[in-house]
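Student: I'm new to this structure and would like to find my way around. Could we go through it together?

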Amino acid sequence: AGDITIQIGIFSVEANANRAVETLRKAGVSASARQQTTQGKTWWSVTATGSGDRAALLTKVKGLGFADAYLTGR
């Protein structure tokens, strides 16, 4: 139990990050994109969050086409 965070991906194009967030949300998964800048380059990190069964949420996210998604934190 507890909060689950899944790293979906890092995107160099904001529209692609937003599209990933929208895909997740339409499937009932809470998701967000966070803009970051490193060494003068801007990119967007997309994460999904939830609670309950970690494996089930990861399987759902991967089933939406985010094959490289992985659990972070707890």
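Tutor: Gladly! Let's begin with a term: a polar contact is a pair of N or O atoms within 3.5 Å, where, within protein, one must be able to donate a hydrogen and the other to accept it. Keep in mind as we go that this is a predicted model.

Student: Thanks! Which side chain does the side chain of Ser45 join in a polar contact of 3.3 Å?

Tutor: Start with the setting: Ser45 is found in strand β3, and Ser45 is buried, with a relative accessible area of 5%. Its surroundings include Gly9, Ile10, Ser32 and Ala33, all touched by Ser45. A pair at 3.3 Å falls inside the 3.5 Å limit. The side chain on the other end of this polar contact belongs to Gln7.

Student: Is Gln7 buried or exposed?

Tutor: Gln7 is found in strand β1, and among the residues Gln7 touches are Val46, Thr47 and Tyr70. The cut-off for buried is under 20% relative accessible area. Because the relative accessibility of Gln7 is 12%, Gln7 counts as buried.

Student: Which backbone oxygen does the side chain of Gln7 reach?

Tutor: This is a second partner to look for, besides the side chain of Ser45. The distance is 3.1 Å, and the oxygen belongs to the backbone of Gly9.

Student: How many bridges join β1 to β3?

Tutor: These two strands run antiparallel. One pair you can locate is Asp3 with its bridge partner in β3, Ser51. The number of bridges joining β1 to β3 is eight.

Student: Which residue in β4 stands opposite Ile6?

Tutor: β1 also pairs with β4, again in the antiparallel sense, over three bridges. The residue in β4 that stands opposite Ile6 is Leu71.

Student: Let's turn to the helices. How far does α1 reach from its first C-alpha to its last?

Tutor: Helix α1 covers residues 14–26, which makes 13 residues. At 1.5 Å a residue, the expected span is 18 Å. The model comes close to that, with a reach of 18 Å.

Student: Why are the buried residues of α1 on the same side of the helix?

Tutor: The buried residues here are Ala17, Ala20, Val21 and Leu24. They lie on the same side of α1 because the arc they cover around the axis is only 95°. On the other side of α1 you can find two exposed residues, Arg19 and Lys26. What covers the buried residues includes β1, β2, β3 and α2, but the reason they share a side is that arc of only 95°.

Student: Which glycine follows α1, and what is its phi?

Tutor: Look just past the end of the helix for a residue whose phi is positive. That residue is Gly28, with a phi near 85°.

Student: What arc do the buried residues of α2 fall within?

Tutor: The buried residues of α2 are Leu57, Leu58 and Val61. Seen down the axis, they fall within an arc that lets them line one face of the helix. They pack against β1, α1, β3 and β4, while Thr59 and Gly63 are exposed on the other side of α2. The arc in question is 100°.

Student: Which backbone nitrogen does Asp53 reach at the start of α2?

Tutor: Here a side-chain oxygen of Asp53 is the atom to follow. It comes to within 3.0 Å of a backbone nitrogen, that of Ala55.

Student: How many residues are in the largest nonpolar core?

Tutor: Those with the most contacts inside the core include Ile6, Leu24, Phe66 and Ala69. The elements that give two or more residues to this core are β1, α1, β3 and α2. As for Ala69, its contacts include Ile8, Leu58 and Val61. The core as a whole has 18 residues.

Student: Last one: is Gln39 buried or exposed?

Tutor: Gln39 is in the loop between β2 and β3, and Gln39 has a positive phi of about 50° although it is not a glycine. Gly40 lies in that loop as well, with a relative accessible area of 71% that makes it exposed. The cut-off for exposed is over 50%. Because the relative accessible area of Gln39 is 79%, Gln39 is exposed.

Technical notes:
Residues are numbered from 1 along each chain as its sequence is written. This is a predicted model: local features need pLDDT of at least 70, side-chain atom pairs count only at pLDDT 80 or more; totals for chains, interfaces and linings use all residues. Side-chain values use heavy atoms; hydrogens and water are left out. Helices (H or I, at least four residues) and strands (E, at least two) are DSSP runs, numbered from the N terminus. The expected span of a helix is 1.5 Å times one less than its number of residues. Buried means under 20% relative accessible area, exposed over 50%, partly exposed in between (1.4 Å probe, protein chains only). The arc is that of the directions from the helix axis to the C-beta atoms. Contact means heavy atoms within 4.5 Å. A nonpolar core is a set of buried Ala, Val, Leu, Ile, Met, Phe, Trp, Tyr and Cys residues joined through side-chain atoms within 4.5 Å. Two strands pair if DSSP finds at least two bridges between them. Lists of a residue's contacts leave out its neighbours within four places in sequence.
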